[in-house]
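Visitor: I should be grateful for a close look at a single part of this model, together with an account of what surrounds it.

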Amino acid sequence: MTSTKAPLTVIARMHAKDGCEAALHDALTALLAPTRQAPGCLTYDLHTERGEPGRFWFYEVWHHPEDHAANLKSPHITDFLGRTAGLLDGDLEVHFLDKSPTGG
């Protein structure tokens, strides 16, 4: 199926439980290589928030929304979601963004 939609930007934020910062960081880092190789992945970068070493952000850009949806069903993502719920303080927060037509 071919999409005519513009690229999808995704910003995801999560916060580690106290004492779980390193374990969550390791789990997130393990997602980088396989996700970057996923069809349609244009950008997949992990960030930490300044002054908040246990708060992590993903900045993602996908060629089509369908590419992102397919990646969410991949084994490395489903395994991550199943294994890491106990490392998170609160819920995973995800925002789906469309680039403004005047955004350059």
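Visitor: In which loop is Leu 88 found?

Guide: The model is a predicted one, and the description below should be read accordingly. Leu 88 belongs to the loop that runs between helix H3 (75-84) and strand S4 (93-97). Its relative accessibility is 14%, and because buried means under 20%, Leu 88 counts as buried. The surroundings of Leu 88 include residues distant in sequence: Ala 16 is 72 residues away along the chain, yet the two C-alpha atoms are 4.6 Å apart in space. When neighbours within four places in sequence are set aside, the contacts of Leu 88 are with Met 14, His 15, Lys 17 and Leu 24.

Strand S4, at one end of this loop, leads to the sheet. The sheet is open and has four strands in the order S2-S3-S1-S4, with antiparallel pairing. Strand S2 (41-49) and S4 are its edge strands, each pairing on one side only. From one strand to the next, the twist averages 15 degrees. Strands of a sheet pair through backbone hydrogen bonds, in either a parallel or an antiparallel sense. Between S2 and strand S3 (residues 52-62) the sense is antiparallel, and the pairing extends over eight bridges. His 47 has Trp 57 in S3 as its bridge partner. Helix H1 (residues 21-36) packs on the sheet, where it touches strand S1 (8-15), S2 and S3. The direction of H1 makes about 165 degrees with that of S2.

Methods:
Residues numbered from 1 in each chain as written. Predicted model: local features only at pLDDT ≥ 70, side-chain atom pairs only at ≥ 80, totals over all residues. Heavy atoms only, no water. Helix = DSSP H or I, 4+ residues; strand = E, 2+ residues; numbered from the N terminus. Buried < 20%, exposed > 50% of the residue type's maximum accessible area, 1.4 Å probe, protein only. Contact = heavy atoms within 4.5 Å. Pairing = 2+ DSSP bridges. Axes fitted to C-alpha atoms, helices over the stretch in contact; angles between N-to-C directions.
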